[in-house]
Each structure stands twice: as C-alpha cells, then as structure tokens.
Amino acid sequence: MVHVMSPYRVWPALVLLLFPSAVAAEEPSLLDGWHDVWLFRFLVNMLGYSTIIIPGYLLISYFKRTNYVETGSGICYPLIKTCVFGNEGKTSLLDDVSAGSRNEPDSGASLKQALKLIFCAAGLQASYLTWGVLQERVMTRSYGATTPEEEGEKFKDSQFLVFMNRILALTVSGLWCILFKQPRHGAPMYKYSFASLSNILSSWCQYEALKYISFPTQVLAKASKVIPVMLMGKIVSRKSYEYWEYFTAVLISVGVSMFLLSSTTSKHPSTVTTFSGVIILIGYIVFDSFTSNWQDNLFKYKMSSVQMMFGVNLFSCLFTVGSLLEQGAFFESLGFMTRHSEFAFHAVLLSVCSACGQLFIFYTINQFGAAIFTIIMTLRQAFAILLSCFLYGHTVTLIGGFGVAIVFLALFLRVYARSRMKSGRRAVQPLAQKV
C-alpha cells in the first residue's frame, strides 16, 4: 500500500530543507506547526491571490484580443469597458483645470497657513504614532491573560489586519469621492491591481516582521529605504545622483549599522533581530518601492490621490478577503475578535488610524508640498522609536542612539538639499524665459 504524504507535511519539510538556518534561528515555537513558518504563510497567501489574478488575466487578455471595446454590447459593456479599457486620453479640459486648482497653494493669511500646518502635523503624528503603538501591541503581545503568569493567546494572521485596514480605507475614500468633485476617471481599473498586490505584500511584511525584529529596528530600516532606491536607480535606470545624495546615503548606512550592531537583547525577546526578520524587511522595501513607482506611473491619467486610494484599496479588499476565505482564516480571525474584545477595539482603531493617516498625507502634500510632509514624517519616525522604547521596554545603547541620530540627521539634510535645488531651479527659470 502506497502512503501519500499530506501537503501540510510536505511544505514544512521543504522549508526546513531549503532554509534550515532561517528556521533554526527562530524560537522553538516556530516549529510547532506549518502555519507558524512565515515562508509557508507567504506562499499560501500568494496561492490565494493567484486564484483571482490568473482568471482575471485570462479574461482581460480575451477582451483585448477580441477588441471588445469596439464590438461589445449589452448590460455588462460599461463595467467591462471601465475595468479593462478605461477612458484613456479622454480627460477633459475642465477636469485639468479643476485638478490644477486643487494643487495651488492657499493664498490666505500667514496665520491661517500656520494653523493649517499645525493641524496637518498634529493629524499625521496622532494617526501614525497611534498606529505604530497599536501595530506593535497587536503583533507582539498576547490577549486574554488575566494574571502575569498566564500566557494568553497571540493573534498571528497579519493578512487579516491588512484586510481590516483596507476595508475601512476603501469606505472612507469611496465616501470622499462621492461627496467631493473628482477628475473624470480614465485609467483601466485592472491597472490598480499591480499596486494593490505589492501594497498588500509590503503591509503583510511590515506586520509579520514584528514577530522577528524590534519595532525600532523596523522603523530605522524603513527610514533607510533611500539606499536600495538609489542602487536600483543606478543599476536599472542608469540614473546619476548629486554628491550630497551619496553623502547622506553613506551617513544612513553608518547610522543603521551602529544601531543594529549595538542592539542588546537583555530586556525583551522582541528586541532580537533574526535572519527571517531581515529577509521580511527586505521584502517590505522591495514591494513598497514598486508600489510608489507604479502609482507615479498611474497618475498620468489625471486622477486625484483619493481616486488612487479607492482603486488600490478596492483590489486589496478583493485579494485579501478571497485569500482569507480560501484558507479558512477569515472566520478564525473573527472568532479571535469575539473572544477578545480588546483585540477587536485595537484592530478597528488600527484601521481608523491608517485611513485617517492616508487622508492627512494627501491633504498635507496638496497644501504644503512634499518637503514639509517629509520633515513631518521623519519627525514621526523618531518619535515612534522613542515611544516604543518607553512603552515596550526596548533598550537602546548610547552608540545605538547616536546611530539613530545620524540617520535622521541625514534624512533632514536630504530634505534641505532637495528644497534648495528646487528653489534654485525656480529662480533660474524666469531668467531663461526673459532671454
């Protein structure tokens, strides 16, 4: 009689065979079951997304091959046309004017502008500092323990948290598009799916990484994304950079190295940086870089930022809920919420902070530009590290603190140098026009 090994046994065996050092570096509890190996969870999630992506790709290819936009008809025609073909190159002049007027700076009094800036800074700091604290609480602490001796129950499904964030962001952006006038939509809807998939994966990596690294390490790694972005631009696009860009990149590398090499593990086990944590962080940086570049490419269709938010989150909800239902994890997570009301409150508040934070981002960039926004968010990252160390007992040595200071000094230098270059170009442009 031939015995066939169950797939639930095959996958852990393959993971152990291919990545023995990665698994061995983690805590022993990671080997208790296949669902505790992050690589297996990642592959299962991708399999779930592919059950939506592959049929969608085949349908889109069919409609394009048969030239459905010219020959099609019927009740489904408007929906198929919007999803597959869009209204490319048909943005009206009125839409261009209205979009441009939204980007013009407000001509009000300086006091009004100062109050707006305080409002934006406070909104961004409150949204994302609360979001960061809750993110670490949900992923690294247990629920249901009534005494310090009890272990409680930990929530493990990062994908459900991504779904919670996206469903609320979809609702908020949808209401915004209904209540306020938006440019005529021209992009084929399926093009949002690329940024949506990479955004889901980057968010999943962000939550999952907290199981293997400390929150300050994650924040510092996110702050140093400029280094791989520059390397990718040099290799792929043959871009050239200014001397100050290389200088600040070196400073960031030195600061991050000082922090990581001086990290101690005596206070709390979550301060341990493992091999898996590093791999997941690299995945986050890669996926997040693709998301921003693809979204920049989509803005050629003259859409607003809230329309972009709606389109990306629409596909994110479709992907995540489909994958969760296929795995049976959706109802398991709902069961966890019913068992632990504190987790339900944290998950909802996490989603509210994420959605409000996105709206504050769009409003701040629209009113004050990218440079002011970058300064506010850089300060937020520094405050997030301090708040996490205070609340969760992470230890930062003197050398590590000096490394953190070097990283944020380099980020501020980049913002200052970039703003000086832009102001210099604006000053030269009128002279060139007169000549």
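What follows is a short back-and-forth about how some labels on this predicted model are earned.

Me: What makes up the fold, helices or strands?
Reply: The chain has 18 helices and zero strands. Of its 435 residues, 45% count as buried.

Me: How do you know which spans are annotated as transmembrane region?
Reply: That label comes from an unreviewed UniProt entry, which lists residues 40-60, 243-262, 268-287, 308-331, 343-363, 370-393 and 399-417. Such annotations may be inferred rather than shown by experiment. In the model, residues 40-60 are 100% helix, with end C-alpha atoms 30 Å apart. Residues 399-417 are also 100% helix, and there the end C-alpha atoms lie 27 Å apart.

Me: Why is Arg-41 with Glu-208 called a salt bridge?
Reply: The label needs a side-chain nitrogen of Lys or Arg within 4 Å of a carboxyl oxygen of Asp or Glu. For Arg-41 and Glu-208 the N to O distance is 1.8 Å, so the pair qualifies. Arg-41 sits in helix 3 (residues 38-65) and Glu-208 in helix 9, 167 residues apart.

Me: Are those two partners buried or exposed?
Reply: Buried means under 20% relative accessible area. Arg-41 comes in at 15%, so it counts as buried. Glu-208 has 0%, so it is buried too.

Me: What about Arg-137 and Glu-342: why is that pair a salt bridge?
Reply: Their N to O distance is 3.6 Å, and the cut-off is within 4 Å, so the pair passes. Arg-137 belongs to helix 7 (residues 110-140) and Glu-342 to helix 16, so the bridge ties together parts 205 residues apart in sequence. Arg-137, at 14% relative accessible area, is buried, whereas Glu-342, at 41%, is partly exposed.

Me: What makes Arg-339 and Glu-153 count as a salt bridge?
Reply: The closest N and O atoms are 2.8 Å apart, so they fall within 4 Å. Arg-339 lies in helix 15 (residues 329-339), while Glu-153 is in the loop between helix 7 and helix 8, so the bridge joins parts 186 residues apart in sequence. Partly exposed runs between 20% and 50%; Arg-339 has 48% and Glu-153 has 29%, so both get that label.

Me: How many salt bridges turn up in the whole structure?
Reply: A search finds four. Shared partners join Arg-41, Glu-208 and Lys-211 into one network.

Me: Why is His-346 called buried, and what does it touch?
Reply: Its relative accessible area is 10%, and buried means under 20%, so the label fits. His-346 is in helix 16 (residues 341-368). Leaving out residues up to four places away in sequence, His-346 touches Leu-134, Arg-137, Val-138 and Tyr-143.

Me: Which residues have the most contacts inside the largest nonpolar core?
Reply: They are Leu-124, Phe-160, Leu-161, Tyr-192, Leu-220 and Phe-343, in a core of 75 residues. Helix 9 (residues 192-209) gives the largest share, nine residues. A second, separate core of seven residues includes Phe-63, Tyr-68, Val-84 and Tyr-190. Back in the largest core, Leu-161 touches residues including Val-138, Tyr-207, Phe-343 and Leu-350.

Me: Why is Ile-178 called exposed, and which patch does it help make?
Reply: Exposed means over 50% relative accessible area, and Ile-178 has 70%, so it clears the bar. Ile-178 lies in helix 8 (residues 158-179). With Leu-175, Trp-176, Leu-179 and Phe-180, Ile-178 makes a nonpolar surface patch of about 570 Å².

Note on methods: Residues numbered from 1 in each chain as written. Predicted model: local features only at pLDDT ≥ 70, side-chain atom pairs only at ≥ 80, totals over all residues. Heavy atoms only, no water. Helix = DSSP H or I, 4+ residues; strand = E, 2+ residues; numbered from the N terminus. Patch = residues over 30% accessible without salt bridge, like charges linked within 9 Å, V, L, I, M, F, W, Y side chains within 5 Å. Areas by Shrake-Rupley, 256 points an atom, 1.4 Å probe, with all protein chains shown as cover. Buried < 20%, exposed > 50% of the residue type's maximum accessible area, 1.4 Å probe, protein only. Contact = heavy atoms within 4.5 Å. Core = buried A, V, L, I, M, F, W, Y, C linked by side-chain atoms within 4.5 Å.
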